[in-house]
Number of protein chains: 4
Amino acid sequence: MLPIKQRLYEVIFEADTRIGKFFDLALLIVILLSILFVMLESVPSIENKYHDFLKIAEWIITIIFSLEYIIRIWIVRHPRKYIFSFYGVIDLLAVLPSYLALFFAGTQGLMVIRALRLLRIFRILKLNRYLKESAVIIRALRESRYKISVFLFGVLTLVIIIGTVMYLVEGAEHGFTSIPRGIYWAVVTLTTVGYGDISPVTSLGQFLASMVMIIGYAIIAVPTGIVTAELTKHSTKETSTQVCPECLSEGHNHDAKYCSECGAKLN
Amino acid sequence: MLPIKQRLYEVIFEADTRIGKFFDLALLIVILLSILFVMLESVPSIENKYHDFLKIAEWIITIIFSLEYIIRIWIVRHPRKYIFSFYGVIDLLAVLPSYLALFFAGTQGLMVIRALRLLRIFRILKLNRYLKESAVIIRALRESRYKISVFLFGVLTLVIIIGTVMYLVEGAEHGFTSIPRGIYWAVVTLTTVGYGDISPVTSLGQFLASMVMIIGYAIIAVPTGIVTAELTKHSTKETSTQVCPECLSEGHNHDAKYCSECGAKLN
Amino acid sequence: MLPIKQRLYEVIFEADTRIGKFFDLALLIVILLSILFVMLESVPSIENKYHDFLKIAEWIITIIFSLEYIIRIWIVRHPRKYIFSFYGVIDLLAVLPSYLALFFAGTQGLMVIRALRLLRIFRILKLNRYLKESAVIIRALRESRYKISVFLFGVLTLVIIIGTVMYLVEGAEHGFTSIPRGIYWAVVTLTTVGYGDISPVTSLGQFLASMVMIIGYAIIAVPTGIVTAELTKHSTKETSTQVCPECLSEGHNHDAKYCSECGAKLN
Amino acid sequence: MLPIKQRLYEVIFEADTRIGKFFDLALLIVILLSILFVMLESVPSIENKYHDFLKIAEWIITIIFSLEYIIRIWIVRHPRKYIFSFYGVIDLLAVLPSYLALFFAGTQGLMVIRALRLLRIFRILKLNRYLKESAVIIRALRESRYKISVFLFGVLTLVIIIGTVMYLVEGAEHGFTSIPRGIYWAVVTLTTVGYGDISPVTSLGQFLASMVMIIGYAIIAVPTGIVTAELTKHSTKETSTQVCPECLSEGHNHDAKYCSECGAKLN
C-alpha cells in the first residue's frame, strides 16, 4: 500500500486520530450545507434572488462529494464491498442527481437523498457514549419488533373496517369519496393527528368517530407500553462492566458472584 | 372418513404441513386481493375505467370463497360447530353480500366485512413467535380491563360535563349547535385529535378549552400507564424457571449455564 | 326508628341487599335517561318534534329526584351531614334547575349538572373489584400530585413565553390577535391537539412552531412517565394475601418469610 | 455590614424566616400581576378601555422591580456575581423594556421576558417537597439527555427526508410550496399535532402521509419510553437503605420494623 493511500485511509475511514475526527467534522458541515442549499433552492423567493450562487455552490459540493467517492473507492481494500455497502450506495446516490440533472430535467429533487448522508453523524458519535444510547433504543425497538408487527397488523385491519364503515355512513358529499380516503381518515384519527381536512358531519358519523377516538386512546397506549417495557427491562438490567476472566463473557448482573457462562469466580 | 376428505382436512384446517401452509398463504392472498378490489371499486375514477374487470374479479373471488365455505362444512367433523364459530360466521358473511347484491341494490358496501377475514393471518402466524407476542399484548389488555373500564367511565362523565359547559359558553353560532355536538368536540379535544371543524371562538371558551387540553395531558397518561405497567410486569417476569440445584436460587437469565449465586451448573 | 324508615334506609343507602342493588340500578337508569333527555332537548330538530314528550319526561324525572332527595333527608340519621355532603349537594343541584326554570328563563342548561349524579355508579361498583382498580388509579394520581404540579407550573411558564413570542412574530393579521390568544395557540400546539384555527403563516413562525412541537414531544412524555412509574411501582409491589397470625398486618411481599411488622413467622 | 443591610439581606435573599417567605410571596404576586397586565395590554378591546390604568400600573411595577434590583445589588456581598447570575440577568431584563420604550417604539413586547421571573417560584417552593419532585423530573430528563439527543437527531433526519418527498409528491399547488414548508408539515404530522393548514390532497400523498402517521405512532413511543424508564428506575430504587443486622439483607420497605428474611429487628 502506498504511504499516501495509507495516510488517506486513516483520514477518511478512521475517526480515532485528530485529523480523522477533523475530516469527519468537515464532511458533516459540507453535508449540512448541501442539504441547506437544496432546501433554499426550493423556496421560490430565494431561488429567484440567489440562483447563480446556489447553482455554483451545488456544483462545488457535487465535485467535493465526487472526489471523496472516488478516493474512497481508490483507497479501500475491498472496493466492491464498499460500493455495495449501505454508506457506499448512499455516497453514490448523493452525487448522481446533479449529473442526471445535466441530461434530464426535474431530477433536481432527488438531491434530497443527500439527507441520508446525515446518518454519517453516527460514525462521528461512535467515539462517545451516544452510540451506546442509540444501541439501547435500537435494541429496544428490535426486540419489540414482533409485538409491534402484531400491533401494526391489528391496526391495519381496524383501519380498513373503520374507514369503510365511515365511507358508507358519511358518503362522498362529506369528503369520504372512496374507501381508501375513508382509511386515510381512520389513520389520521386513530393516530390523533386530526388534520380536519376530512371530518364527519352527520350525527351518526360523529358518534362513530367519537368511538374511534376513544378506541384510539387505548390503542396509542400499546406501542408506548411495548417500547417502555423493553427500555425499562434494559435499564433495570443495567449490567456490570465486569468481564469474566475465564471466558471473557460480559453483561453479568451487578450482584453476580460467579460467571453465568462458565461458572468461574468474578472478582 | 373418505381419503379425499381426510386430505382436504389436512390442507384446509391444518397449518403444520407444507401444503397446509401453502393453502393458508394462497387464501390470504385471495383475501387481500378481494379487499383491494372492494376498495378500488369505491374509487369513482377507477370504477368507471375498470368496471368490467372488477365485476368479474369480484365474482371469481366470491365463487372461490363459496367453494371454500362449502368444502369446510363438508369435511369438518362437527359442521354445526364450525358454522356458528367466529371464523365460520365471518366466512359466511364474506360471501353473502355478493349474492345479496343480485337482489338488492346498495348492499355492495357490506363486502367490507371481508376485511375481518384478514384476522385469519393470525392462524398462519400461529406457528411462529408472533402468537406468543400477541398473547402478551392481549393478556396485558385483558388484565387491565377493570382499570380501563373505570378510566373510560370517568372520561365519559368528564366529556358529558365539558361538552355541555362548552355548549352553554360558545352556543350554536360557533358550531356548538347541541350538547351531543359539544360532547363530540370534547372527545376530539381530550383525545388530542383536534380536527378544528368545531373550535372555541370566545375568550372564555378558549380559556376553558385550554384547561380541558391540560387536563387531557394528564388523562392521556393514564391508559398508557395502565398498559405499560401490565406489559412491564410480564416482561420483567420473563426469567427462566430454573432453580439452582445447589443453592436453590431462582430468577436466572434464560441463557445462563451456571448459577450466578454459587457457580453450580444449571441443567 | 320506624320499621318503614329502617326498610327505606336499607333500600336507598345500602347496596349489599338484593333490593338495595335493584334500587341503585333503577336510579342509575333514571339518571342516564335524564341526561339523555337534557341532551336531546338541546338538539333543535328533536326539540321541535318531541317538545311535549321531553317536557313531561323532564318533570317526571324532576319529581322522582325530588322525592328521593326528601326521603333521603327524612330517613338519614344526620340530615345536616347528608345535605352538606358531596352527594347531598349534587342531589340538590340535580333538581334545582327545573324549579328555577319556572321563574327564570335560560337556566335550563344548568340541568347538565345532573351528569355529576353519574358518579353514583361508583357506589354501585363498590361491591366488586372495580373500586379496587379505581383506587389504584386515584392513588397513583394522588402520589404523583407534587410531580404533576411542578410539571404543570413548568408548562404554564413555557406556554406564556411561547405564546408571547409567537404573538410578536406572527402578529394580529395571522390570527395571533393578543397574547392570551397566543397562549391559547401554545396550549393547543404543546398538547398536540392542533385545531388549525390559528396556525403560523410566516417562515420564522413555522420554524418556531416546529421547535415548540419537538419540545412538546419531550414534554408529553413527562406526565406519562410520572403516572406510569407510579402505576408500575404499585403493580410490582402486588403483595401477597397473607395476614400475619400475630399482629394481623397485611401487604407482605410474596417472598417474605417473617412478618415485617412484628417479626412473627408467616405460614 | 450595616444592620439594615443585614436585615434586608435576610428578607430578600433568604426564604426560611417568616418575613422572607412573605417577601417572596408578595414578589410573586407582583410578578403575576405584571404578566397579567402585559397580557391584557395586548388585547385591543381592553387596551382601548383601560389604557391609562394599564400604563400607570406598568410604571408602578417597573419602579418596584427597579428598586428591588438596586437593593439586591446594594446588599449582596458580591454584586458582580449576582448581576451576571441567571436570576440577576432576568431581573435586569424585567425592567429594561419599560425604559427602552421611552426612547424606542415597539419594544413593549419585550416585556414578556418578565414571565421568566415566574421561575422564582421554585425558590419559594425550595422549602417544601416540590423541589425534591422537580429534582426527580430534572434528573430523569438529564440522565436521558444522550438518548433524547440521539432520538431528536434521528427525528430530524426523518423529517427532512419526509418533508422533501412530500414536496416532490404534492407540489406547490397543494400548499407544499418549498422543502422547508414540507419539513414543517412533517413535524406537524409526526408530532400528531395536525393543524390541517397543509394536508396532502393527492392519493399518493395521502398514502405516504398515512405511512408517516403510523411511523409517528412508534416514534412518539420512544421519548415516552425513555423518560418513563428513567422515572421508574428512580422510583423503584426508593426502598429504605437499612441493612438487616442479622442476615445483612437489603431492600426492605420503608415502614418495615422487622427483617422479612430472617425476622430480626431492624433499627
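1. Contact here means heavy atoms within 4.5 Å, and that is the yardstick for the interface remarks that follow. Keep in mind that this is a predicted model. With that cut-off, 45 residues of chain A are in contact with 44 residues of chain D. Just 18% of chain A's interface residues are interface residues in chain D as well, so the two copies meet through different surfaces.

2. On the symmetry: two copies of a chain are related by a rotation about an axis and a shift along it. For this pair, chain A goes onto chain D with a rotation of 90° and 0.0 Å of shift along the axis, at an RMSD of 0.1 Å. That is what a four-fold axis gives.

3. How much area is buried between chain A and chain D? About 3,900 Å², with carbon and sulfur atoms giving 76% of that. On chain A's side, Met39(A), Tyr184(A) and Tyr195(A) are the ones to look at: together they supply 16% of the area chain A buries against chain D, more than any other three residues.

4. Now the polar side of this interface. The salt-bridge rule finds 0 across chain A and chain D. Polar contacts do turn up, with 5 residue pairs counted between the two chains, both residues at pLDDT 80 or more. As for composition, the side of chain A that touches chain D splits into 30 nonpolar, 10 polar and 5 charged residues.

5. Which helices of chain A each bring at least two residues to the side touching chain D? They are α2 (18-42), α6 (121-125), α7 (130-143), α8 (145-170), α9 (179-190) and α10 (203-237). The largest share comes from α10(A), with 9 residues.

6. A word on the layout of chain A itself. The chain is divided into domain 1 (3-125) and domain 2 (143-231). The C-alpha centres of these two domains of chain A lie 40 Å apart.

7. Back to salt bridges, this time over all chains: the count comes to 16. One to pull up on screen is Lys55(A) with Glu41(A), where the closest N and O atoms are 3.2 Å apart. Lys55(A) sits in helix α3 (residues 44-75) of chain A and Glu41(A) in helix α2 of chain A, so this pair ties together parts that are 14 residues apart in sequence.

Methods. Residues are numbered from 1 along each chain as its sequence is written. Chains are lettered from A and ligands numbered from 1 in the order in which they are written. This is a predicted model: local features need pLDDT of at least 70, side-chain atom pairs count only at pLDDT 80 or more; totals for chains, interfaces and linings use all residues. Side-chain values use heavy atoms; hydrogens and water are left out. Copies are superposed by least squares on the C-alpha atoms of residues with pLDDT of at least 70 in both. Buried area is the accessible area (1.4 Å probe) that two parts lose on being put together, summed over both. A salt bridge is a side-chain nitrogen of Lys or Arg within 4 Å of a carboxyl oxygen of Asp or Glu. A polar contact is a pair of N or O atoms within 3.5 Å; within protein, one must be able to donate a hydrogen and the other to accept it, and residues adjacent in sequence count only if both atoms are side-chain atoms. Helices (H or I, at least four residues) and strands (E, at least two) are DSSP runs, numbered from the N terminus. Ala, Val, Leu, Ile, Met, Phe, Trp, Tyr, Cys and Pro count as nonpolar, Asp, Glu, Lys and Arg as charged, and the others, Gly among them, as polar. Domain bounds come from an automatic or database domain assignment.
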